[in-house]
Structure formats: structure tokens, C-alpha cells
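User: Could you take a close look at one part of this protein with me? I am new to reading structures, so please go step by step.

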Amino acid sequence: MRSTAISALVALASAALVTANDELTAKFVPTTIKAPFLEQFTEDWSDRWTPSEATKKTPVGGETFSYVGKWEVEAHLDPTVEGEKGLVAKTKAGHHAISAPLLKPVGIKDQPVVIQYEAKFQKGGNCGGGYLKLLEEGYQSYGEFDDKTPWVVMFGADMTCPGSKVHFIFRHRNPKTGEFEEKHLQAAPTPSIGKETKLYTLVVHPDNTFDLSIDGESVKTGNLLEDFDPAVNPAKEIDDPEDKKPEDWVDESKIADPEATKPEDWDEDAPYEILDEEAEKPEGWLDDEPDMVVDPEAQKPEEWEDEEDGEWIAASIRNPKCDEAPGCGEWKRPMTANPAYKGKWYPPMIDNPAYKGIWAPRKIPNPDYFEDKEPAKSLKRIGGVGIEIWTMTEDILFDNIYVGHSVEDAKALAAATFDIRKPLEAAKSAIPDVEEEPATIDWKADPVAFIRQKVFAFIDAAKVDPVEAFKAAPETGAVLVGAILTLFGMLGAVFGLVGGQQGGVTKSSKKTDAPTPDDKKKTETAPVAPAGGEKTEAPVKKRK
């Protein structure tokens, strides 16, 4: 009742703002809700969030930053709430990482864990992540935050081009080996692609049930024990690896009838088609006219020289008389299906009396079996929030992040933020833009523009991180590499850099030309580039 009343008041207030305010904006008011983690990116946000300065090895043995993507806290590109800001991934084709600790760790014991946040692809949907990683308690002890930092839950939208989905993945610890394994939600929801703000909410209950919502509407419910792949608990029994199929085991359910014989009138040599003896030559058929005739308008080029170019032969064209008649040239009977054709004879198939069925190895108890009846409660406690994404589009915004135990508080936060902004964004999007961003180009409509778009996007990504660019668009990368190799091969062939060294090309002389003293062979030598100096690489400096 309480949440329904709040939603109704928010809807009425939003409608009043849309009609009364020509600029379609409301004012941002920081929330007074308390939680283990609640982030609205107010002025002191940098005291909590730390951009990753993790490094990786370069091909020449040095070090470089793993995450070159820049982060900024700024207003929405198309604001509807005055004074509201969000955390924005600024770099196109960049790898971004940033993290913040919780005020106190959150686990699932007697109350649910609630994860909620807003994401906005301000430049439109493209290849890029818009999800959160809920990091393990004590994650700071592992060093700089990166893709190896242990996490508990990964949740949110991921535009993977194709295969976009709203992830819900949790890391489950095997109680026998102590090793962790990722469990992925089966049939994960598909996120909508657009520029408007989206609200993602996940509630995991102590009884292993969960509820995943988008924009306040439940889109997926289930159980940690039933709806994830691989399953939390392994099979009780497995195939015996020592069991082998007996040599005399018969797998064939059908065999050729050994008592069947080919009928005496079965002619295997009869052709599939024969001449149609009933066919008659069409009336008006031109037996003496060829299909092709010399083009009467063809003329020998003035620069043509028979001694050098050979005898000139005029081009042929289709005989125009044949277009007006049923046909030209010698008439031949068409082929027709042979009624006597039967093909190769095979004996019919009958049930195999020796058939034993499909063989399968016997089952034995699984030595690695365990049963975790409460995987939600056995999850590690959450100690931080991390955003670690690779994106091909810039200006992805995150805001109003909540991690805690109260479903009501999460709904109240959404009512005071998302529910106000949603109708304002909808009203604003109804106003036609003066400059529309070009739509995604279709291959069939404009193949050249389609290829240009893909190539430029790949080049932008490769400037930042070639390896990630190939992972994001392997087909484009392979085509570009092939094109470059082909180009170098052609240039090498022209300049003598590929293959054996060839002699200079001489102009052919006519039979009447006599050799002159100036006719000499010339050789060319490929220029040799000076060797470069030894490359040195400066040590990595900490970014400010």
C-alpha cells in the first residue's frame, strides 16, 4: 500500500513538471536513506571511489596501464533533473575500472541482499558493458582492482554485439576443494537498447530464491539451485570411466534382410532419362541460323597493328533472328523421365535379432559429489562495488547505486530518482531532435558505408588496446589483417621485395627493329633502411 501511494504521488508530480516546466527538469535532492552502500555521486564522491591503476606487461617487456578509460562525475548529456550527476565512462573503445568499499560488509543470512543501480547508454546502445561487480570483503588486499579481483555477484546489462543480456552470475565455493566456480543465470533477460535511463534491481533471498527487475518490473524469478549453469550441486552419479563396451555388443537396430533377392525384372542399368520420342520440333524453328553472328557495327580500332596485335576478329552478338523464332540451329529432342528407371537395388531393412540396445557405461557414485542446500547463505560477504568494463561507446553513466538489505528502501530510492526522471525523459524524447544521430547502417542498404563504419570502429578500439579490439570484433580484425598482408604482397611484387629478384623490364621491339648499342640490361637494388636504435621504455608513472 505504501509503495503504491508513493508511485502514484511520483506520477502526479512528474506529470505536473512536464506540463509546467518548458525545460522538462526537476531538482536533485540527495536522499536521506541509509544503507551499507548508497552512492549518488555528490561532491565528495572521490573520497570513496578509486580508479584502477593496475598494469600489464607490454610486448617489449615494460609495463603499461591496463585501464586507460577515463572516469568523470558529471551531469547527464541530456539532463532532466537539475543538479543531478552520475559516474561516466568517458573513453570510446576503452577498458575502464573503478571501485569503492562498502561502509560495512553485506552477506545473506537472515535477510535478503538487494542490489540496485541505474545505467544509461547516453550515446545509444553499442558494444559495451553496463554492469556491476559486487566484490568480496577484503578485496583491497589483492592489490589494484582488475579482472582478477575476486567478486561475489556480477549483475547488470552487457551489450555484447550480439548476445546482449542482463547478467546475474555468482561465484560459488566448492566445499570439498575450496575452488570457486561461476554460475550463470539460464535464459538471462535481454536489455533494451536506447539512450534512456534503465533501472536494474536484484533481490537474493536466504531461501535461495531471487527476483530480477528492470525499471521496477519483475522480468525473471527463480532459484539458485535450479536456474543456473553449471548447477550448484554436481550429479550424485557419473559414468564409470573404467567401464568399456563389450566387443560383441551389437548397436545396430536394423539390418539388411539376408533372405531378400532382387526381382528378375529389376534393371539397374536403365538410365534416369531418355529421349522424348513424342516431342516435335516447334513450328518456325530456324535450322540454318546460328545462335551467334558477327556484330555488324564492330570496327577495327585505328591503332590496331596486325603484326603486333594479331589478326583482328570482330565481336559476336546473339543472332536477332533467334529472338523472334522458337530457336536456331540443329533441333534436338529433349530428355524426359524414364518410366523403366529403378536405380540400384537394395535389400529391405528388418529388425536385427541380435540388437542389444544403445550401450552406456554403468553409473558409479560421484567422488566429487557434495550437496549445498543453502548456496545463498554460503556466498562470500560483499565488501565493495566495482565497475570493470570494456566498451566501444563512450559516456556510459552509472548512478543511484544501492547495496543493502531493504527492499523498501531500494523502492523508495527509485521513487525519488528513477520514477521522477523516467516520464521526463519520455516527454523529452517525444520532442524531435534537430540533429539525429545516424542510425545503424544496414549491410544490404549500403555495404560500403557498413564496412567503413565497422573498420573505423575497430581502428578506434585498436589505438587503445589491440588485443581487446580483436576480442570485440574478430571478423573485422581478420579482414583488415588479410587486406594489409595482401597490399604488402602486391607492393613487394611490384618493387621486387617479394620472391626472387627479377631483371628489369624491357620494351619489346618489332621484328624490323635492329638491336642498338644502347640496349643494355639494367638492374635495380632495393634500398636498405638503416637499422633503428635500441628501443627503451620509460617506467610507468602513477596517474593523478
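Analyst:

**A charged patch and a covered strand**

Glu302, Glu303, Glu307, Glu308 and Asp309 form a negative patch on the surface. Please keep in mind as you look that this is a predicted model.

Let's pick out one member of the patch, Glu302. You can find Glu302 in the loop that lies between strand E22 (292-294) and helix H2 (306-309). Is Glu302 buried or exposed? Glu302 has a relative accessible area of 82%, so it counts as exposed, since the cut-off for that word is over 50%.

Now let's turn to another part of the chain, strand E28. This strand covers residues 396-404 and is mostly covered: nine of its nine residues are buried. Buried here stands for a relative accessible area under 20%.

Which strands pair with E28? One of them is strand E2 (residues 37-39), which is antiparallel to E28 and pairs with it over three bridges. If you would like a spot to look for, find Leu38, which stands opposite Tyr402 of E28.

Strand E8 (residues 85-89) also pairs with E28 in the antiparallel sense, again over three bridges. Here Ala89 has Ile396 in E28 as its bridge partner.

Then there is strand E10 (residues 113-121), joined to E28 by seven bridges, and these two strands run antiparallel. Along this pairing, Glu118 sits opposite Asp399 of E28.

While you follow the strands, one general point may help: in a regular strand, side chains alternate between the two faces of the sheet.

Definitions and conventions
Residues are numbered from 1 along each chain as its sequence is written. This is a predicted model: local features need pLDDT of at least 70, side-chain atom pairs count only at pLDDT 80 or more; totals for chains, interfaces and linings use all residues. Side-chain values use heavy atoms; hydrogens and water are left out. Patches are made of residues with over 30% relative accessible area and no salt bridge: like charges are joined within 9 Å, nonpolar side chains (Val, Leu, Ile, Met, Phe, Trp, Tyr) within 5 Å. Accessible areas come from the Shrake-Rupley method with a 1.4 Å probe; for residues, only the protein chains shown count as cover. A salt bridge is a side-chain nitrogen of Lys or Arg within 4 Å of a carboxyl oxygen of Asp or Glu. Lys and Arg count as positive and Asp and Glu as negative; His and the chain ends are not counted. The place of a charge is taken as NZ of Lys, CZ of Arg, CG of Asp or CD of Glu. Helices (H or I, at least four residues) and strands (E, at least two) are DSSP runs, numbered from the N terminus. Buried means under 20% relative accessible area, exposed over 50%, partly exposed in between (1.4 Å probe, protein chains only). Two strands pair if DSSP finds at least two bridges between them.
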